[in-house]
Amino acid sequence: MRAHEILTEAAKVGREYQHLEDLVFAEGSAGALRAATILQRLGQDSNDVAIKWDGNPTIYWGREPDGTFVLTGKNGWGKNKSTSSDDLKSFVMSTGKGEDWRTEFANNMGDVFSLMERNTPDDLRGYVYGDLLYSPSKPFAEKDGAYHFEPNSVMYSVVSSSDLGRRIGASQIGIAAHSYYDDFGSKSGTSIKDTNRLNTNDVVVLGQTYVPHQAKVDTSQVQEIMANAKSNAQLIDGWLTPEQGLSNKGGIIYTYVNQMVKQGKLNQLQTGFYDWLKTSKVSQGQQAKLMAGDDKGLSAILGLVVQIMTIKNNLIDQLDSAQADVTANTKGQPGGEGYVVGRDKIKLVPRHRWTPNL
């Protein structure tokens, strides 16, 4: 069995939608080449790039086989099948540690339940998973010819005279829908592409919102990534290949990169692994094996991660600064959580400024 085939079988790194640069340690040299190919294509065709909405809270809503409406939050999925506004409020109040904000939040979610029950098609069966963008308790604001809403860390602005803006202006709730589930509590969902039947005058349900701008990518930089991935393929795949006591080295790199992101130390990514390792939760035995090994493969991996991030960040900057009906800013700076590339199930996230809780 070849090294990249071993990696494919053994490495379980990341989530369903991978960060583009994470392909290097998730899939080895083949992943680095795939990342370069994706960048090359996006420089010619970015029609499949969509805004990565950052809503809050997460909700699941839909109807049972008998038509009964159900809505619950993320912590109630598969646990609490709320079938009334009062039931949902009671569940919210029964969780947590008696926080001061919980009563108000429970009442707000009860209002959301009532609105969604009235506006969900009677013939819908199954459940939709999405994030609230605005609601009666946290409505949008209109200023300077746009509607603005800030559900979490990102402020979104939608031109009020645009088609979407007119829909938002007449509505009470906005949701970014992600997946559809056949059964309550299911862990296997399918992506939602068409949300038309979920929309009413009161409720705006957004599926994929594609960017209108075509970004440019420096092909010479992409070619350099490809050349590095090919010339270092043996080192990269050899370093990532599972061994006794180290079955998922890619997973360790995944944790390392995420923690460097959270600590704001991406500028030390290529040199900080061993310092991080000494204070990490990686077992002493695994630490010893990693420190005793050849670090040329690790160096090649992290070098490619940085190269891919650099091109990706430039692409994101172009999309963030482009004129569009929907724009985002975080802490007063252009840009939000980033973008997703649907056909490749890839995330384009500006990790140097976007640091979610891990």
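In this predicted model, Val340 has Lys347 of strand β15 as its bridge partner. This pair belongs to the contact between strand β14 (residues 339–341) and strand β15 (residues 346–348). Three bridges join the two strands, and they run antiparallel. In general, the strands of a sheet pair through backbone hydrogen bonds, in either a parallel or an antiparallel way.

Strands β14 and β15 are part of an open sheet of four strands. The order across the sheet is β1-β15-β14-β2, and the pairing is mixed. Strands β1 (18–19) and β2 (49–51) form the edges. Each of these edge strands pairs on one side only.

Strand β15 also leads to the nonpolar interior. Leu20 touches Ile346, Lys347 and Leu348. Other residues in contact with Leu20 are Ala35, Ile38, Leu39, Ile308 and Lys312, with residues up to four places away in sequence left out of the count. Leu20 and Leu348 both belong to the largest nonpolar core, which holds 70 residues. Together with Trp53, Phe149 and Phe273, they touch the most other members of this core. Helix α12 (residues 296–321) supplies the largest share, 12 residues. Another core lies apart from this one. It has 22 residues, including Val92, Leu115, Val128 and Ile175.

Ile252 lies in helix α9 (residues 249–262). Its relative accessible area is 10%, under the 20% cut-off, so Ile252 counts as buried. Beyond residues up to four places away in sequence, Ile252 touches Leu246, Phe273, Trp276, Val282, Gln286 and Leu290. One of these, Phe273, is also among the residues that touch the most other members of the largest core. Ile252 and Ser280 stand 28 residues apart in sequence. In space, their C-alpha atoms are 9.7 Å apart.

A polar residue can be described in a similar way. Ser157 is found in strand β8 (residues 155–159). Ser157 has a relative accessible area of 12%; this value is under 20%, and therefore Ser157 is buried. The side chain of Ser157 makes a polar contact with the side chain of His148, at 2.7 Å. His148 also appears in the list of residues that Ser157 touches, along with Tyr147, Asp325, Val326 and Thr327. Here again, residues up to four places away in sequence are not counted.

Technical notes: Residues numbered from 1 in each chain as written. Predicted model: local features only at pLDDT ≥ 70, side-chain atom pairs only at ≥ 80, totals over all residues. Heavy atoms only, no water. Core = buried A, V, L, I, M, F, W, Y, C linked by side-chain atoms within 4.5 Å. Buried < 20%, exposed > 50% of the residue type's maximum accessible area, 1.4 Å probe, protein only. Contact = heavy atoms within 4.5 Å. Pairing = 2+ DSSP bridges. Polar contact = N/O pair within 3.5 Å; in protein donor to acceptor, adjacent residues only side chain to side chain.
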